[in-house]
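The following exercises concern the fold, the helix packing and selected residues of one protein model. Each task is followed by a solution in steps.

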Amino acid sequence: MKSTLVSAFIFALIPFNFHPFTKPVPVTKPLTGNVFIITIDGFRWQEIFSGADSILINMESATPDTSTLKAMYWDDSPEERRKKLMPFFWNVISRKGCIYGNRKFDSRVDVMNPFQKSYPGYHEMFTGNIDRAIHSNDPIPDPDENILEFLNKQKSFEGKVAAFTSWDVFPYILNEKRSSLVINSGYDNQQGDKLSSEQKMINRVQDEIVREKKSTRYDELTFLSAKEYIVASQPKVLLLGLGETDEFAHEGRYDLYLQQANSVDQMIAALWHMVQTMPGYKDNTTFIITTDHGRGSRTGKWDSHGEWIRGSSNTWMALIGPGIKARGEIHGGEQMYQAQVAQTIAMLLGNYFPGEDAAPAISLR
Ligand SMILES: [Zn+2]
């Protein structure tokens, strides 16, 4: 509510063409055949790199069943803690890919937009720019072209770009009407004449559940829908947008936030295993995993985010697959921005995204 006014004020302060980058990125040959982008809404860098927080896991208001949660996710060493919370990240991605954003080691990833909310974050991620008109989560169609839409217009990607998301604002963020992308969002059922029995079952389950949980879809259902779609339609570019981490955080439930992060890690592991065993995808698919914004870094502010909450711009990014060197947890290096995701997707696929003011790809050296 207050945020719309505040946002209006903030964006009056952004200079036109705000752009911390200088060098354009040359187009190269494709480094990979497929790119899957997985977003974990509002999941903090603090938990990615240090696992459960020592204060929040011991605070009964945030973690009602402290002893069970500690048995599952606690260890005195941050390296062990993060492995308990996100085993795929720290057993697989840390060995075969790279993970940016541990500020303790001077690796910094931030959103460039000052609003530090979901829609502005996803706008930045997929268009590569900041638009003053996108400053809230209001469902208005995004006026700017996004990378998914750009790729879908090309012969080699036409009909091979899809988005499966828990949050039902994505049809606006990706401008479904203009972009004609395949977007399955919120409780959208899977469409088509030749649905598999699994796809039909997911539709039936969703029809039942929608009465109980209206706002956003359970991530598990979004994940299962995406998986079945991958088997049925073999997309080359897929967005899997997961949202429950942010919801549980807003409810102040640190226990559920951790549980969900652990479930999401398992989903990513399952998806990786699946593509690594499918012809066409095996050794030919790169994952980019990131988030739309950070959250408060202070204990009392962890549950919220936005322009006035310190830490909300701090994010992280993990990559694995062809084109990505096995550099593990990154120490030092250039400041990275969420706006670089769009051009990074393009670069991995041997493309150049000419989007307005689009930030350059991240350096993969
Ligand atoms: Zn939020």
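Helices (H or I, at least four residues) and strands (E, at least two) are DSSP runs, numbered from the N terminus. The model is predicted: local features need pLDDT of at least 70, side-chain atom pairs count only at pLDDT 80 or more, and totals for chains, interfaces and linings use all residues. Residues are numbered from 1 along each chain as its sequence is written.

**Exercise 1. Overall fold**

Task: Determine how many helices and strands the protein has, and why its radius of gyration agrees with that of a compact globule.

Solution.
Step 1. The assignment gives 14 helices and eleven strands.
Step 2. The radius of gyration is taken over C-alpha atoms, and the globule rule is 2.2 Å times the number of residues to the power 0.38.
Step 3. For 365 residues the rule predicts a value near 21 Å for a compact globule; the protein has 19 Å, which agrees.
Step 4. The C-alpha trace spans about 55 × 50 × 45 Å along the principal axes.
Step 5. A residue is buried if 20 or more other C-beta atoms lie within 10 Å of its own, exposed if 12 or fewer, and partly exposed in between, with C-beta atoms placed from the backbone. By this criterion, 50% of the 365 residues count as buried.
Step 6. Two residues are in contact if their C-beta atoms, placed from the backbone, lie within 7 Å. Of the contacts with a separation of 6 or more, 69% are between residues 24 or more positions apart.

**Exercise 2. A residue in a strand**

Task: Establish whether Ile289 is buried or exposed, and which residues it is in contact with beyond four places in sequence.

Solution.
Step 1. Ile289 lies in strand S7, which covers residues 285-290.
Step 2. Ile289 counts as buried because it has 25 C-beta neighbours inside 10 Å.
Step 3. Leaving aside neighbours within four places in sequence, Ile289 is in contact with Ile38, Ile268 and Ala318.
Step 4. For Ile268, 21 residues apart from Ile289 along the chain, the separation of the C-alpha atoms is 9.1 Å.

**Exercise 3. Two helix pairs**

Task: Classify the packing of H10 with H11 and of H5 with H13.

Solution.
Step 1. Two packed helices are described by the angle between their axes and the distance between the axes. Axes are lines fitted to C-alpha atoms, for helices over the stretch in contact, and angles run from 0 to 180 degrees between N-to-C directions.
Step 2. Angles under 35 degrees count as roughly parallel, over 145 as roughly antiparallel, 65 to 115 as roughly perpendicular and the rest as oblique.
Step 3. Helix H10 (residues 197-209) packs against helix H11 (residues 219-233) at about 160 degrees, with the axes 10 Å apart. H10 is therefore roughly antiparallel to H11.
Step 4. This contact involves Glu198, Gln199, Ile202, Val205 and Gln206 of H10, together with Leu221, Leu224, Ser225, Glu228 and Ala232 of H11.
Step 5. Ala, Val, Leu, Ile, Met, Phe, Trp, Tyr, Cys and Pro count as nonpolar, Asp, Glu, Lys and Arg as charged, and the others, Gly among them, as polar. The H10 and H11 contact thus divides into five nonpolar, three polar and two charged residues.
Step 6. The axes of helix H5 (residues 87-96) and helix H13 (residues 254-275) come within 8 Å and cross at roughly 40 degrees. H5 is therefore oblique to H13.
Step 7. Pro87, Phe88 and Phe89 of H5 meet Asp265, Ile268 and Ala269 of H13. The residues of this contact are five nonpolar, no polar and one charged.

**Exercise 4. An enclosed helix**

Task: Explain why helix H6 is described as largely enclosed, and identify what covers its buried residues.

Solution.
Step 1. Helix H6 spans residues 118-127, and ten of its ten residues are buried, so H6 is largely enclosed by the rest of the structure.
Step 2. The cover includes helix H7 (147-152), helix H8 (170-173) and H14.
Step 3. After H6 comes Gly128, with a positive phi near 80 degrees.

**Exercise 5. Positive phi and the segment after H14**

Task: Describe the setting of Gln234, Asp357 and Ile362.

Solution.
Step 1. Most residues other than glycine have a negative phi.
Step 2. Gln234 has a positive phi near 45 degrees. Gln234 lies in the loop between H11 and strand S6 (237-242) and is partly exposed, with 14 other C-beta atoms within 10 Å.
Step 3. Asp357 has a positive phi of about 55 degrees. Asp357 lies in the segment after H14 and counts as partly exposed, with 16 C-beta neighbours inside 10 Å.
Step 4. Ile362 lies in the segment after helix H14 (340-348) and counts as buried, with 22 C-beta neighbours inside 10 Å.
Step 5. Beyond four places in sequence, Ile362 touches Met336, Gln340 and Thr344.
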